[in-house]
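I'm opening a fresh page for a structure I haven't looked at before. Time to go through it piece by piece and jot down what turns up.

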Amino acid sequence: MIKTIRRRFMWLATTSLFLVMIISFASLIGISYFRSSSEADEILTVIVKNNGRLDIKEAKNRLGDQYSREGMFKYRYFTGMLDTSSGKTSVIDSGHIIADSLNSVLSRDEEVAKAVKNGKLRGTLRSSHMRFRYLAKKIAKNKYFICYIDLAPLMQSTMLLAKYAMIFTLGGILIFLAIMSLLAGKAVQPIKDAYDKQRRFITNAGHELKTPLAVISANTEMEELLGNDDEWNQSTIEQVQRMTRLIDELITVTRMSEPEELVLSPVNFSEKVEESAKSFKSVLAKDGKDYEVKVEPNLYVNAESRSLLEVVNILIDNAQKYCDDHGKVLVVLAKSRLNQNAVLTVSNSYQNGKNVDTKRFFERFYREDESHHHDEQKKSGFGIGLSMAQDLVYTFGGKISAHWEDGVMTFVVTLKRIHKEALR
């Protein structure tokens, strides 16, 4: 559990940092892009307003102190006269741009002419190798003075910022992960210490409680031998036995809650299911319940032998406890559809399960009877078994679920198969 907390802590911290960095850099890039686009529009406005001349004084008034006389040389633009009837542009001034870019823009004259004719005097031309912004001003019928400006120089700082943002984000995440791997252990150390103390307390208290229980049990048995055998003595014995089972289950679930305590290896799942199913045959027959077992042979999974058997025992025991009178318990082990997993299905008749919250079955100490009243006739448990089964299945890298449908309660355990080739 501590390793899981440590991993989750690192994942949440890293994800949070990543989101903060992405949002921050995306905001900076967005602001830079907006400013570059706005600057291009302002320069286009100045040039078109002055019929092709970039007026330095007016440009400075529009762009502010960031604009300088030398800054005008960074703008690559050209002007022309667009005839929307023919869809052609006559170049007026091409001294501020290279010929290749000029030809690339003029090759899309008809597209621009159509847009301008429809009233779209401002727009952007995009392709894999160019990006130009244009602004047109009507001169006469079907005649427009038009200016194109290359956005590449203006967007260069934005692209450079995006490039470095990616580098800093990836580098920052890697450095952060390295630091977190060193410090995460210290961050969760208080949780680990508290958890270890809790486990030690449960184990030690369990052993200490067994001593007075043994004394009470011995004294009660002595009372029986002395002839004082009555219903009160019998009740005391039953409660001592119940308390002993509860202590044993608490100690077991505490020991099995840490995955590193279990050594996983290939286990014949089929044999474990058959072994467990066989042990419940007489109990179910005595209760007058129908019992059917279908096990596909030689299905191997990666698990711990004793713990895997315990999982199967818990599920079949739960099925027989809560199965309706004269109902049916069905145990099936088979391959999944894609032949990748071994799927154990344990189901039992349960007509009153319509409003039962199956999602809570695996909560520790949860029982359908919220009063937690112990009824020996119904054979209710302590709400520990299914929680322990879930912990073990997760340790094996599998999944466990429960659902109710048409009067049948079903538990499903899915574990990844180990194929015969891998066992050799």
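Below are my notes, from the whole chain down to single residues.

**Entry 1: the overall count**

First reminder to myself: this is a predicted model. I counted the secondary structure and got twelve helices and twelve strands in the protein chain. Then I looked up burial: of the 424 residues, 38% are buried. I also checked how far apart in sequence the contacting residues are. Taking contacts with a separation of 6 or more, 66% of them link residues that are 24 or more positions apart.

**Entry 2: H8 against H10**

Next I picked a helix pair. How do H8 and H10 pack, and at what angle? H8 covers residues 269-279 and H10 covers residues 305-322. I get an angle of about 45°, and the axes are 9 Å apart. That angle makes H8 oblique to H10. I noted the hand of the crossing too, and it is right-handed.

Who makes the contact? From H8 I listed Phe 269, Lys 272, Val 273, Glu 275, Ser 276, Ala 277 and Ser 279. H10 answers with Ser 305, Leu 308, Leu 309, Val 312, Asn 313 and Ile 316. Sorted by class, the contact of H8 with H10 holds seven nonpolar, four polar and two charged residues.

A thought on spacing while I'm at it: an α-helix has 3.6 residues a turn, so residues three or four places apart point the same way.

**Entry 3: H10 against H11**

H10 has another partner on my list, H11, so I looked that up as well. The axes of H10 and H11 come within 9 Å, crossing at roughly 145°. This crossing is left-handed, while the one between H8 and H10 is right-handed.

On the H10 side, the contact uses Ser 307, Glu 310, Val 311, Ile 314, Leu 315 and Asn 318. On the H11 side I wrote down Gly 385, Leu 386, Met 388, Ala 389, Leu 392 and Val 393. The classes for the contact of H10 with H11 are eight nonpolar, three polar and one charged.

**Entry 4: inside H11**

Is H11 mostly covered or mostly open? Mostly covered: eight of its eleven residues are buried. The buried ones are Leu 386, Ser 387, Met 388, Ala 389, Gln 390, Leu 392, Val 393 and Thr 395.

Gln 390 caught my eye, so I gave it its own lines. It sits in H11, which spans residues 385-395. Its relative accessible area is 17%, and since the cut-off for buried is under 20%, Gln 390 counts as buried. Leaving out residues up to four places away in sequence, Gln 390 touches Phe 362 and Ile 400.

After H11 comes Gly 397, with a positive phi near 80°.

**Entry 5: aromatic rings**

I searched the whole structure for aromatic pairs and found five. One of them is Phe 78 with Tyr 148. A pair of aromatic rings is described by the distance of the centres and the angle of the planes. Here the centres are 5.0 Å apart and the planes 15° apart, and the pair is stacked.

Phe 78 belongs to strand E1 (residues 77-83) and Tyr 148 to strand E5 (residues 143-150), so the pair ties together parts that are 70 residues apart in sequence. Buried or exposed, I wondered about Phe 78? At 0% relative accessibility, Phe 78 is buried. Tyr 148 is also at 0% and counts as buried. Adding Tyr 134, I have one aromatic cluster made of Phe 78, Tyr 134 and Tyr 148.

**Entry 6: a strand residue**

Val 91 lies in strand E2 (residues 88-93). With 36% relative accessibility, Val 91 counts as partly exposed. What does Val 91 touch, not counting residues up to four places away in sequence? My list reads Thr 79, Gly 80, Leu 102 and Leu 106. I also took the C-alpha separation of Val 91 and Gly 80: 4.1 Å, for residues eleven apart along the chain.

**Entry 7: positive phi in loops**

Last, two residues with unusual backbone notes. Asn 142 is not a glycine, yet has a positive phi of about 65°. Asn 142 lies in the loop between strand E4 (131-140) and E5, and is partly exposed at 28% relative accessible area.

Asp 406, also not a glycine, has a positive phi near 55°. I found Asp 406 in the loop between strand E11 (399-405) and strand E12 (408-418). Its relative accessibility is 67%, which counts as exposed.

Note on methods. Residues numbered from 1 in each chain as written. Predicted model: local features only at pLDDT ≥ 70, side-chain atom pairs only at ≥ 80, totals over all residues. Heavy atoms only, no water. Axes fitted to C-alpha atoms, helices over the stretch in contact; angles between N-to-C directions. Helix = DSSP H or I, 4+ residues; strand = E, 2+ residues; numbered from the N terminus. Parallel < 35°, antiparallel > 145°, perpendicular 65-115°, else oblique. Left-handed = near helix turned anticlockwise from the far one by under 90°. Contact = heavy atoms within 4.5 Å. Nonpolar A, V, L, I, M, F, W, Y, C, P; charged D, E, K, R; others polar. Phe/Tyr/Trp six-rings, centres within 6.5 Å; stacked < 30°, edge-to-face > 60°. Buried < 20%, exposed > 50% of the residue type's maximum accessible area, 1.4 Å probe, protein only.
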